[in-house]
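Work through these exercises with the model open beside you. Try each task before you read its solution.

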Amino acid sequence: MFSKLQVPQISLAEGRYPCRPIEHALLPRQFSTSAQKPAAVVTANPKKDEEGNDMLIDITERAAKRLQEIMAKDSNPSLALRVTVESGGCHGFQYLMSLTNMSAVSPDDDTVFEASNGSGAKVVMDEPSLELLKGSKVDFTMELIGSQFKIVGNPAATSSCGCGTSFDINP
């Protein structure tokens, strides 16, 4: 009922190849790259880590859009999302997020990030929190259990709880 698959015989001596030789097919493809626009820029009090690198975070499009909606609903363009890290939670540290007015931001202690998409969305962090969150993203998630701002992709976190509000780091 079924016929066997017919595989054509190819003579390598004749120099006919159905495709490129294997050693060429496995080489990585070369892609042109362009500089990516950062998702957030520091607008106040930039900080550097112990190696002298800028301590940065990203703000996702969803988080920026949600912050912009909150600012419009409250008719308050001075609102910002404050993200802090405290000891506690089921994994050692926990993320705490709250809305704050920019007038409550300390120019000496807080770093302010603004979404680069022009939404005016701002995230504020103190230096100890930024030290633990550098390289991560602030996102906004909508799930069946509710909507929330969330930290994702934290490079310092070695494990986290199921709901994502607490995390652990290597000592």
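A contact means heavy atoms within 4.5 Å. Angles between axes run from 0 to 180 degrees between N-to-C directions. Keep in mind that this is a predicted model.

**Exercise 1. Find the helix that lies across β2, β7 and β8, and give its angle to β7.**

Solution.
- Step 1. The helix is α2, residues 61–73.
- Step 2. Helix α2 runs at about 75° to β7.

**Exercise 2. Work out the strand order of the open sheet of three strands, and name its edges.**

Solution.
- Step 1. The order is β2-β7-β8, and the pairing is mixed.
- Step 2. β2 (58–59) and β8 (146–152) each have a single partner strand, so one side of each has no neighbour in the sheet. These two are the edges.
- Step 3. Take the pair β2 and β7 (residues 137–143). The two strands run parallel and are joined by two bridges. Here isoleucine 59 stands opposite valine 138 in β7.
- Step 4. Now take β7 and β8. They run antiparallel, with seven bridges between them. Methionine 142 has serine 147 in β8 as its bridge partner.
- Step 5. Look at the link between these two strands. β7 and β8 form a hairpin, with two residues between them.

**Exercise 3. Decide where the model deserves caution, starting from the mean pLDDT of the chain.**

Solution.
- Step 1. The chain averages a pLDDT of 80, and 70% of the residues score at least 70.
- Step 2. Confidence is highest in strand β6 (residues 122–126), at a mean of 97. It is lowest in helix α1 (residues 22–25), at 43.
- Step 3. Over residues 16–27 the pLDDT is below 50. Beyond near neighbours in sequence, this stretch has five contacts in the model.
- Step 4. Residues 31–35 are also below 50. That stretch has zero contacts beyond near neighbours in sequence.
- Step 5. Where pLDDT is low, predicted coordinates should not be read in detail.

**Exercise 4. Show how salt bridges tie the loop between β1 and β2 to other parts of the chain.**

Solution.
- Step 1. Side chains of opposite charge can pair when their charged atoms come close. The cut-off here is 4 Å, from nitrogen to carboxyl oxygen. By this rule there are eight salt bridges.
- Step 2. Lysine 47 and glutamate 127 form one of them, at 3.5 Å from N to O. Lysine 47 lies in the loop between β1 (40–44) and β2, and glutamate 127 in helix α3 (residues 127–133), so the pair ties together parts that are 80 residues apart in sequence.
- Step 3. Check burial, which means under 20% relative accessible area. Lysine 47 is buried at 14%. Glutamate 127 is partly exposed at 33%.
- Step 4. Lysine 134 forms a salt bridge with aspartate 49, with the closest N and O atoms 3.3 Å apart. Lysine 134 sits in the loop between α3 and β7, and aspartate 49 in the loop between β1 and β2, so this pair ties together parts that are 85 residues apart in sequence.
- Step 5. Aspartate 49 is buried at 11%, while lysine 134 is partly exposed at 25%.

**Exercise 5. Describe the salt bridge between glutamate 69 and arginine 66.**

Solution.
- Step 1. The N to O distance is 3.3 Å.
- Step 2. Both residues are in helix α2, three residues apart, so about one helical turn separates them.
- Step 3. Glutamate 69 is partly exposed at 35%. Arginine 66 is partly exposed at 30%.
- Step 4. Finish with a network elsewhere: salt bridges that share partners join Asp49, Glu131 and Lys134.

Definitions and conventions: Residues numbered from 1 in each chain as written. Heavy atoms only, no water. pLDDT = per-residue confidence, 0-100. Helix = DSSP H or I, 4+ residues; strand = E, 2+ residues; numbered from the N terminus. Pairing = 2+ DSSP bridges. Salt bridge = Lys/Arg side-chain N within 4 Å of Asp/Glu carboxyl O. Buried < 20%, exposed > 50% of the residue type's maximum accessible area, 1.4 Å probe, protein only.
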